[in-house]
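Before you work with this model at the bench, I would ask you to go through the points below with the coordinates open beside you. They are arranged by region and can be checked one at a time.

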Amino acid sequence: MIGKPSKFVMKRLSEELKCPTSSVMGRLASVMYLRKFKEISSNVVNILNPSADDRILEVGFGLGYGLFEAFKKVERGNGVVFGSERSQYMVKRARKIFALEIHYGRLEVDLSLASHLPYLNNSIDCIFHNDCFYYWPSVKNALLELKRVLKPGGRMLTSMSIERVKEWSSRGLLQPSYCIDPLDYILHLENTGFVDIKFEYHSSAGVQFQTVIALKPPVEEDRGVNLDVEEKNFQQEILEFEKLRLTAFIVNILQSSVVMSLLHRGISYFVTAPIYYANSGPHLGHLYSSLIADAAHRWFKLKNPHQLTLFSSGTDEHGSKVENAALKAEKNVDVYCSEISSAYRELFSKFGIETTYFIRTVEARHHQSVQQFWEVLRKNNFIYKGKYSGWYCSADECFYNESDLCDDETKSCKITTAGHTVEWVVEENYLFKLSEFLPEIQHWLQTSDVIQPSQYLPFVINQLKQLSDVSISRDRQRLSWGIPVPDDCSQTIYVWFDALVNYLTVAGYPGQLCRWPPDCHIIGKDILKFHAILWPAMLLAANFPLPKQIFCHGHWLSDGVKMSKSLGNVVDPTLEAQKLTCEGLRYFLLRQGVPTSDGNYSTPLAISVLNDELANSIGNLINRTTSSRVLRGDRFTDFDDSVINGPSIRQGPDLMTDLDNLPSIVGQQYDKMQFSNGINSIVTVVKKANAFVQHFSPWHLAKDKNANSLLDTVLHLAHQTLRTCGILLKPVVPNIADEMLNRLSVSSDESNYSDCAKAASKSRYFSGKPLNHQKDLILFPRISRQ
């Protein structure tokens, strides 16, 4: 008799349902669950009732049943069916099944996310998706994108099975963070501007399902009623930033006249990336954590250019895994660690990650810091020696609760959810009185916003409730590569105790601290427990203030599967950069990475995003509007008041409102380190600017002497859009942003966040400035899909 599937199996099934692969587990997920869509797909297309000439889009087409039913509706007309799917396996499968329809241009399938569709604005008549929205990293972003491609008055149908959702949730196949409540989904529809929303129940051939139908408004709401208020708010915000800038300038002058010790204490912002374990070289996940931290650091500097900052990262070089890796490489452990640390430094240099302090835990100063911190905790009576037993994982170098483990396939031993084996260990070592601080930590976590995004808080609380006093040393015979316990050479300090103290070391401990507490720790979700529970307890035991924020992000998967050396699917960022460029990979990870969920890395998807947004959208806009074909004279033109305030300019897309609101919108997202949302807002405005330029066709206006005023005004708005976007892209792709701004004659001291006011739609700051004469700029060359 078959028993209940293990947690490991259900977790894999959950991942495969989200993004099926060609693996055995992926095929099992398809057979077990995706076949249930067949009956629903047929009915959904009938309910949608498209005409034979409609352009129909299915999002998340899976096995392709919906595509087949939709094609039958347009087969006798001139319509076209489009399919968007995040699973590379499903896209390949669909291209084989529908090869004939694709060949004749009646059907098209694309590898893309719902939040990033490769279709033009207002180009789709109707959209449908079946049991799909639960897996969208951001329902809001996806709906905004679907609304963008839908024609005014177009309809979208969402189908679901509430009964199946409950079943999947009970089996652990849907994460609690997913949007699984139809009411929440309907609220998202309302908030993103859909209208005439209807929820209906259906039954067919014994299969019960529900649908939500929504329309895109035939005419977008007129936002002009609030324009004056928005403009006043925007101008007030700019004034505030100017005041901050002036204050920072005065502080900078004062600081220049004081001694270096006072300068050291003038740090205004302290952000940390993880220190990376030196058992192997860097991979994509390490780069992603560092990029978030670097973007946050650059964003602070963009807002506060004259303030001093501390941005730290480095390598964690102690522990048995590092020692074993060195032995396997047949190298001295010191030499091995130096090589791995150098590899991280090289990665940081290539991708523009500008830390102000790169720490190695083998440094003598850090040894002193760790041993001093140990002594403080011992004097405060929070360390004691005793027997400790538990399930120990050598691969992760930590103990696990039995509830976090499962049996392996043979049921002969216990393993972690990552598949690492554990062993029952009983030994005498030093323990930390973690239990004394758990109530205070729980209160701190639940009464503050320290854990961001907040969806990770329940996990931390659940972990906290399972903990007691923890072992913070290991027998030196079992772990020799590490910092010895003070006054006891038979014990080695636990690698996580050692590693966490790095944040104090970079701040100046055991000497005078330049800034404490850190403004933000940026970490991956796999190390959240250590930063949100063990680290705060250690700080409380030593009477240090707690971190202001712990920002956590998900992992990157490879084609829907967690990256693993054993599977051979670990993505090397240096090799990927050879295809995408360093700035391109940097852009893609920050553009597509959503902190609240795991990201799915796919090289074809990366190429598609980069070609569409950097090469086509931004690159095309800058080339079309700075070409000698359209520019008159050797200076940037001024706009005509009668044109910019008149009816002619409003015949095109409403660019001015979006341009003037953009700095505030992006700033709010960057402040929350939601860089993906901020970039999405930038790209949306760039695409609108391209549509604006296409509408007025300055290359035609340039041939008409009577159209000079209109030409100058159109180019002015396009250039101001590029200047604003260039400034806002500096935390994301600093080199590309600098090239954009240089092309538009924006100097480095005119490209801070407060300078966005100079690039507003009706600002004349750059009018009359000399052109930066150079050949046509290839901002980002298109990448071949070959």
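The points that follow begin with the chain as a whole and then turn to individual helices, one buried histidine and some unusual backbone positions.

1. On the overall picture: this is a predicted model, and every remark here should be read in that light. The protein chain holds 29 helices and 25 strands, and of its 786 residues 58% count as buried. Among contacts with a separation of 6 or more, 77% are between residues 24 or more positions apart.

2. On helix α14 and its ends: this helix runs over residues 333-350, which is 18 residues, and spans 26 Å from its first C-alpha to its last, close to the 26 Å expected at 1.5 Å a residue. Its N-terminal end is capped by Asn332, of which a side-chain oxygen lies 2.8 Å from the backbone nitrogen of Asp334. Beyond the helix comes Gly352, with a positive phi near 70°.

3. On the buried side of α14: the buried residues are Val333, Tyr336, Cys337, Ile340, Ser341, Tyr344, Leu347 and Phe348. Because these residues cover an arc of only 130° around the axis, they sit on the same side of α14. The spacing can be read with the usual rule that an α-helix has 3.6 residues a turn, so residues three or four places apart point the same way. The partners against which the buried residues of α14 pack are β8 (267-277), α12 (284-303), β9 (308-316), α13 (320-328), β10 (357-360) and α21 (573-580).

4. On the pairing of α13 with α14: the two helices pack at an angle of about 100°, and their axes are 9 Å apart. At that angle α13 is roughly perpendicular to α14. Val322, Glu323, Ala325 and Ala326 are the residues that α13 brings to this meeting, and α14 contributes Val333, Tyr336 and Cys337, each of which also appears among the buried residues of α14.

5. On helix α21, one of the partners of α14: its buried residues are Pro573, Glu576, Ala577 and Leu580. Since they cover an arc of only 105° around the axis, they lie on the same side of α21. These buried residues pack against α12 and α14, and also against α22 (582-592), β25 (599-601) and α23 (603-625). At the start of α21 a side-chain oxygen of Asp572 reaches to within 2.9 Å of the backbone nitrogen of Thr574, while just after the helix Thr581 takes a positive phi of about 75°.

6. On helices α25 and α28: α25 (residues 655-671) and α28 (residues 708-728) pack at an angle of about 0°, with their axes 10 Å apart, and that angle makes α25 roughly parallel to α28. From α25, Leu655, Met656, Leu659, Leu662, Pro663, Val666 and Tyr670 take part in the meeting, and from α28, Leu717, Gln720, Thr721, Thr724, Cys725 and Leu728.

7. On His129: is this residue of strand β4 (residues 124-130) buried or exposed? His129 is buried, because its relative accessible area is 0%, where the cut-off for buried is under 20%. Its side chain makes a polar contact of 3.3 Å with the side chain of Tyr185. Apart from neighbours within four places in sequence, His129 is in contact with Val59, Trp136, Leu146, Met156, Leu157, Thr158, Ser159 and Tyr185.

8. On backbone positions that deserve a second look: most residues other than glycine have a negative phi, and most peptide bonds are trans. A cis peptide bond nevertheless joins Gln452 and Pro453, with omega about -10°, and Pro453 lies in the loop between β16 (451-452) and α17 (457-464). The bond from Tyr509 to Pro510 is also cis, with omega near 5°, and Pro510 is found in the loop between α19 (502-507) and β21 (520-524).

9. On positive phi in residues other than glycine: Asn122 has a phi of about 50°, is found in the loop between β3 (107-111) and β4, and counts as partly exposed at 37% relative accessibility. Ser697 has a phi near 45°, is found in the loop between α26 (675-696) and α27 (698-701), and counts as buried at 11% relative accessibility.

Notes. Residues numbered from 1 in each chain as written. Predicted model: local features only at pLDDT ≥ 70, side-chain atom pairs only at ≥ 80, totals over all residues. Heavy atoms only, no water. Helix = DSSP H or I, 4+ residues; strand = E, 2+ residues; numbered from the N terminus. Expected span 1.5 Å × (residues − 1). Buried < 20%, exposed > 50% of the residue type's maximum accessible area, 1.4 Å probe, protein only. Arc of directions from axis to C-beta. Contact = heavy atoms within 4.5 Å. Polar contact = N/O pair within 3.5 Å; in protein donor to acceptor, adjacent residues only side chain to side chain. Axes fitted to C-alpha atoms, helices over the stretch in contact; angles between N-to-C directions. Parallel < 35°, antiparallel > 145°, perpendicular 65-115°, else oblique.
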